[in-house]
Amino acid sequence: QGQLVESGGGLVQPGGSLRLSCAASGAAFSILSFSIYTMGWYRQAPGKQRELVATITDSGTINYSDSVKARFTISRDDDKKMVTLQMNNLKPEDTAVYYCYANWARAEYWGQGIQVTVSS
């Protein structure tokens, strides 16, 4: 089994910044080396479906949703088994629960989610 734990969420004013971190642990990430996983962030706003925010593959290929391009930056540190999401110029529509995600072949893991609220 593998576990993903998010941190860094909270309340921020519009235009502000937050940095989300996700730490991976457990047997899945030890045996099959964290570095081979595609890592990502998803979010779910109240009354809406969960949506992709950003992903980063084992080779470093990055994909962003159009709504966050040029504002959010995803990165990974394979030695620390962590993935981060730097969020700048936050907007009220970024308010959601953010989930860390890991995928390799048929193995898929989700974090418990962390709240990000953008409000004045």
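**Exercise 1. Placing Gly-60**

Determine in which loop Gly-60 is found, and classify its accessibility.

*Solution.* Step 1: Gly-60 is found in the loop between strand S5 (51-56) and S6. Step 2: in this predicted model, the relative accessible area of Gly-60 is 38%. Step 3: the partly exposed class lies between the buried limit, under 20%, and the exposed limit, over 50%; Gly-60 is therefore partly exposed at 38%. Step 4: a distance completes the description, since the C-alpha atoms of Gly-60 and Asn-103 are separated by 14 Å, with these positions 43 residues apart along the chain.

**Exercise 2. Positive phi outside glycine**

For Asn-89 and Ala-105, state phi, then locate each residue and assign its accessibility class.

*Solution.* Step 1: Asn-89 is not a glycine, yet its phi is positive, at about 50°. Step 2: Asn-89 belongs to the loop between strand S8 (82-87) and strand S9 (96-104). Step 3: its relative accessibility is 41%, so Asn-89 counts as partly exposed. Step 4: Ala-105, also a residue other than glycine, has a positive phi near 55°. Step 5: Ala-105 sits in the loop between S9 and strand S10 (107-110). Step 6: with 59% relative accessibility, Ala-105 counts as exposed.

**Exercise 3. The surroundings of Arg-71**

Describe the location of Arg-71, its accessibility and its contacts, and identify its salt-bridge partner.

*Solution.* Step 1: Arg-71 lies in the loop between strand S6 (62-64) and strand S7 (72-77). Step 2: its relative accessibility is 9%, and Arg-71 therefore counts as buried. Step 3: when residues up to four places away in sequence are not counted, Arg-71 touches Gln-86, Met-87, Asn-88, Asn-89, Leu-90, Lys-91 and Asp-94. Step 4: the salt-bridge partner is Asp-94, at 2.7 Å from N to O. Step 5: this pair links distant parts of the chain, as Arg-71 is in the loop between S6 and S7, whereas Asp-94 is in the loop between S8 and S9, 23 residues apart. Step 6: both Arg-71 and Asp-94 are buried.

**Exercise 4. Salt bridges and their network**

How many salt bridges does a search of the whole structure find, and which residues are linked in a network?

*Solution.* Step 1: the search of the whole structure finds 5 salt bridges. Step 2: one pair is Arg-43 with Glu-51, whose closest N and O atoms are 2.7 Å apart. Arg-43 is buried at 5% relative accessible area, while Glu-51 is partly exposed at 36%. Step 3: another pair is Lys-69 with Asp-66, at 3.3 Å from N to O. Lys-69 is partly exposed at 45%, and Asp-66 is exposed at 66%. Step 4: the network of salt bridges links Arg-43, Glu-51, Arg-71 and Asp-94. Step 5: as a general principle, side chains of opposite charge can pair when their charged atoms come close.

**Exercise 5. The nonpolar core**

Which residues have the most contacts inside the largest nonpolar core, and what is Leu-4 in contact with?

*Solution.* Step 1: the largest nonpolar core has 33 residues. Step 2: Leu-4, Met-39, Trp-41, Leu-85, Met-87 and Tyr-98 have the most contacts inside this core. Step 3: with neighbours within four places in sequence left aside, the residues in contact with Leu-4 include Cys-22, Phe-29, Met-39, Cys-100, Tyr-109 and Trp-110. Step 4: in soluble globular proteins, nonpolar side chains tend to be buried together.

Note on methods:
Residues are numbered from 1 along each chain as its sequence is written. This is a predicted model: local features need pLDDT of at least 70, side-chain atom pairs count only at pLDDT 80 or more; totals for chains, interfaces and linings use all residues. Side-chain values use heavy atoms; hydrogens and water are left out. Helices (H or I, at least four residues) and strands (E, at least two) are DSSP runs, numbered from the N terminus. Buried means under 20% relative accessible area, exposed over 50%, partly exposed in between (1.4 Å probe, protein chains only). Contact means heavy atoms within 4.5 Å. A nonpolar core is a set of buried Ala, Val, Leu, Ile, Met, Phe, Trp, Tyr and Cys residues joined through side-chain atoms within 4.5 Å. A salt bridge is a side-chain nitrogen of Lys or Arg within 4 Å of a carboxyl oxygen of Asp or Glu.
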